[in-house]
Amino acid sequence: MSSKTKVVQWDPADIKEELLKKYPPKVARKRAKQIMINEATESEAPPEIVANVRTIPGIITMRGCTYAGCKGVIMGPTRDIVNITHGPIGCGFYSWLTRRNQTSAGPDGENYMPYCFSTDMQDQDIIFGGEKKLEAAIQEAYDLFHPKGICIFSTCPVGLIGDDVHAVAKKMREKFGDCNVFAFSCEGYKGVSQSAGHHIANNEVFTHLVGTNDEPRKEEYKINLLGEYNIGGDGFEIDRVLKKCGITNIATFSGNSTYDQFASAQHADLSCVMCHRSINYVADMLETKYGIPWIKVNFIGAEATAKSLRKIGEYFGDKTLIEKIEAVIAEEMPEVEAIAKDVRSRTEGKTAMMFVGGSRAHHYQELFNEMGMKTLSAGYEFGHRDDYEGRRVIPEIKVDADSRNIEEIEVVADEVHYKPRKTPEEIKTLEDAGYQFKHYDGLNPDMDKGTIVVDDLNQYEAEKLVEIMKPDLFCAGIKEKYSIQKLGVPMKQLHSYDSGGPYAGFKGAINFYKEIDRLVGSKVWSYMKAPWQENPELTATFVWE
Amino acid sequence: MLLRHTPTEIKERKSLVVNPAKTCQPIGAMYAALGIKGCLPHSHGSQGCCAYHRSMLTRHYKEPVSAATSSFTEGASVFGGQANLIQAINNIFTVYEPEVIAVHTTCLSETIGDDLKQIVTKATKDGKIPEGKTVFGAPTPSYVGSHVTGFSNMVKAMAQLAEPSSEKNGKVNIIPGWVEPCDMEEIKRLCTMIGVDTTMFPDTSGVLNGPLSGEYKMFPDGGVTIKELKEAGQATGTIALGEWCSADAARWLDSKHKVPCTVLDMPFGLKATDRFIDVLRTVAGVSIPDTISYERGQLVDLISDMHQYFYGKKVAIFGDPDQLISMVEFLRSIDMCPVYVVTGTPGKKFEKRIKELTSDMPYECKVKAKGDMFLMHQWIKNEPVDLLMGNSYGKYIARDEDIPFLRWGFPITDRQGHQYFPTVGYKGGLRLLEKILGLLLDRKDRDSPEETFELVL
Ligand code: SF4
Ligand code: SF4
């Protein structure tokens, strides 16, 4: 690293121009709207970013597909549901254990996550239709395992040949009686990114599963944690901290989750949203249907964790809880601070770039701040405008043909179970004191003026950004990892954390500090050039001569 | 128990595949295409497939894997992907400047019936393909065969680039099949030692095992060139390694350009390597250099030293047909007993071949093509083995059943270095033996009670 000379001051506008220079005019015009120079901090009307629009054919994107968002991200971490991919073998194979969702099988011991189930469609199924095969596959899965639930995921060809997966699911659900079978029309081509798949998954889970367990819950301070996927054990650490504070987590959507967690989610009194992108609408639906308010939280970063815990405490407004939370923070922080201080002496002033799916490109900036590191550039792989600019722009977002593909479900207050958790007066008192419900300001305000925000970054732009700005660290996914490292810049996977984690909560912060310290301090980056490459001129003769 | 729900009782399943021992065609096509110099693989379909294939190849090879996609949305899926592909071709040549784009289809574009040839013709007519650049493609419908079939289809498409010519260039085409980049390097080393001038395709050495130098080359220096592929029809002959991976391309060159071909097993282990070297000798019309006989002798030496530990040990093995065939033969040659053999790739011939190779075994060999790992695990539960061999997904079975586990095949996602250490040839054989023995003896050391724990083994 030390041998690398930093490019002094590039004007952000020049950087943007450099990124666009090589594109054909049409591509350049489109990309120009997805690359913005951030000035949102104070200005009244920050420039609008174009997001959640189609990927340009031929431009090497970081994005995946709708199926990946549905089966991989949302349903992947649910352990006691048998997830059957209906399609040719590939999709099921690639989404088999590749997201580093950890899980504990729990006392009941039900865990299907290490399994991959597929109908492995063959050409005759494509020609004659795959419904019969799907039906038989569901039956075989039921006979083998008798699970609580079986979910069906449609892949591209299934949508094309018109298999009615929902009808098959319904038929089997009724036939079994003791196994909930439902399906997802999450064909890869459905949306412009994984984001469509999150939406499809959440809608079906909400329709077929949430609220089906009526048995009341007696614990205190009940919350749901939305948009946390237990990558590298994040969810375990968050659960540890919550439990220590006396907070009950009814359901995590969907890290280390179970069928019954979803079924009981209506018993919570507050929803806490981690990844705004993947799940914010579920929080809204829980509020509309059951009267559960929601807040945005962030458990990435020790300060952020403390802040989020206090926010939960303030919501319940109970003195014992608030004291308990303060006690836990007081107990956890010293170790975190000690390590931050040590690490900071080496990480202060270093720079990072971050391009990950949804909220991670925002949340991790907190951790870097704690280490004195600055984020030069960031963006989402499949964010929407509200993830950048905040929820206030939601009403302005134009619904295009691709978004219209994704069914919006109509939710109304449940006649039996709707119960407002706070009176309007209580809400008002909290809000007057500065408490924010249903609020998210997005990524842009937290980034410095002049930093570059890029939606749907691609390989070419990534390489250019790294060449121009020479960050000390780049964060993205596995596909990007090695091309960045070839440039001599360490690359940290933030979707799946390489082999590390957890990075959430207090213990996670410590892990992250150490990991980043290792990465930016590794000697390997100084070995790029051999001695004879550093000094190619032969100016002396060897002593032997 | 991670696979706690796997019952011992085996029931026939007709529709549900559980824990597949194969994946889909395009990933094989993508890997093969990376073995062409200056080539950007292109996935014609929706972008998810491309993302998955790139991720999986990257996890295995630990190297950048670039590939573009047509990024179908609903519209393209209904009206056809022609517009997307032509737009993609234009963007790719402008932005990334490859020499070649190797297109493969996905189950989506296959189902809607996109015709690659016709689209490429149109792109040429529209002037989207710059002078001197190449766009070609292979059909890889995922609902037929497996990743191995996709590899084979792309290799065949490469062979089809050969141009008619009455000249001969004295070279030998070597089609190595789906092996690691370092294996391709090793095969080339052997050819050079014998003095056979070769065109190897695909050739991922130098592409997927490149150095770290502070420079990123989207198109590394390795790979077979388009010029070489065009001249493949002028070769003296073709040696195809692996019936499933390589034979189609070789036979096509034979029938179309009269390049005679020999299809051999992949050179894993002693005997398959012997046959390969022997063919090279005849092709080159030379006698084998002592250095190679010396290497062979070292392998035989190691087999004799280690034989006491291998004799009669039972092995369960899963993977791809060509690799399995040679490996089963190797295991038999050191008197190990491959009792369960599973591939996800269909093919009746496979089962027959494995039966033949294991016919002298004291146990019956259970073999299944188009099988899955769930079945293999059930077999193991009913009657345990001493060693499990296969890709990383086997680690769940290995842990549950407490079996030593050798990672071998594709994909290996949880160990590193396999891209650098060949397992083909005599040298590769040494490495395989060393690894197998290490596992068996580690196990012995772990299991021995203190009183029989020994320093010298
Ligand atoms: S949609 Fe088809 S080609 Fe794509 S990953 Fe799935 S099986 Fe493979
Ligand atoms: S943080 Fe990103 S990768 Fe993770 S669930 Fe949210 S959107 Fe997906």
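**Salt bridges, a helix pair and a surface patch**

Colleague: Where in chain B is Leu212(B) found?
Modeller: This is a predicted model. Leu212(B) is not placed in a helix or strand but between two of them, strand E7 (198–200) and helix H9 (226–230) of chain B. Its place is therefore the loop between E7 and H9.

Colleague: Is Leu212(B) buried, partly exposed or exposed?
Modeller: The relative accessible area of Leu212(B) is 38%. Buried needs under 20% and exposed over 50%, so Leu212(B) is partly exposed.

Colleague: Which residues form a nonpolar patch on the surface with Leu212(B)?
Modeller: The patch has about 270 Å² of accessible area together. Besides Leu212(B), its members come from chain A: Val524(A) and Tyr527(A).

Colleague: How are H11(B) and H12(B) oriented to each other?
Modeller: Helix H11 (residues 269–284) and helix H12 (residues 290–310) of chain B pack with their axes 12 Å apart, at an angle of about 165 degrees. Their crossing is left-handed. Angles over 145 degrees count as roughly antiparallel, so H11(B) and H12(B) are roughly antiparallel.

Colleague: How many salt bridges does a search of the whole structure find?
Modeller: Side chains of opposite charge can pair when their charged atoms come close. Over all chains, the search finds a total of 71.

Colleague: How many residues apart in sequence are the parts tied together by Arg54(A) and Asp402(A)?
Modeller: The two side chains meet in a salt bridge of 2.7 Å, N to O. Arg54(A) lies in the loop between strand E1 (35–37) and helix H3 (66–75) of chain A, and Asp402(A) in helix H17 (residues 401–404), so the parts tied together are 348 residues apart.

Colleague: Which of Arg54(A) and Asp402(A) counts as buried?
Modeller: Arg54(A) has a relative accessible area of 37% and is partly exposed. At 8%, the other partner falls under the 20% limit, so the buried residue is Asp402(A).

Colleague: Which residue of helix H21 forms a salt bridge with Arg346(A)?
Modeller: Arg346(A) also forms a salt bridge with Asp342(A), at 3.2 Å, and both of these lie in helix H14 (residues 319–347) of chain A, four residues apart. The partner in helix H21 (residues 505–521) is 171 residues from Arg346(A). With the closest N and O atoms 2.8 Å apart, that partner is Asp517(A).

Colleague: Is Asp517(A) buried or exposed?
Modeller: Arg346(A), at 38% relative accessibility, counts as partly exposed. Asp517(A) has a value of 15%, so Asp517(A) counts as buried.

How values were computed
Residues are numbered from 1 along each chain as its sequence is written. Chains are lettered from A and ligands numbered from 1 in the order in which they are written. This is a predicted model: local features need pLDDT of at least 70, side-chain atom pairs count only at pLDDT 80 or more; totals for chains, interfaces and linings use all residues. Side-chain values use heavy atoms; hydrogens and water are left out. Patches are made of residues with over 30% relative accessible area and no salt bridge: like charges are joined within 9 Å, nonpolar side chains (Val, Leu, Ile, Met, Phe, Trp, Tyr) within 5 Å. Accessible areas come from the Shrake-Rupley method with a 1.4 Å probe; for residues, only the protein chains shown count as cover. A salt bridge is a side-chain nitrogen of Lys or Arg within 4 Å of a carboxyl oxygen of Asp or Glu. Helices (H or I, at least four residues) and strands (E, at least two) are DSSP runs, numbered from the N terminus. Buried means under 20% relative accessible area, exposed over 50%, partly exposed in between (1.4 Å probe, protein chains only). Axes are lines fitted to C-alpha atoms, for helices over the stretch in contact, and angles run from 0 to 180 degrees between N-to-C directions. Angles under 35 degrees count as roughly parallel, over 145 as roughly antiparallel, 65 to 115 as roughly perpendicular and the rest as oblique. A crossing is left-handed if the near helix is turned anticlockwise from the far one by less than a right angle, and right-handed if clockwise.
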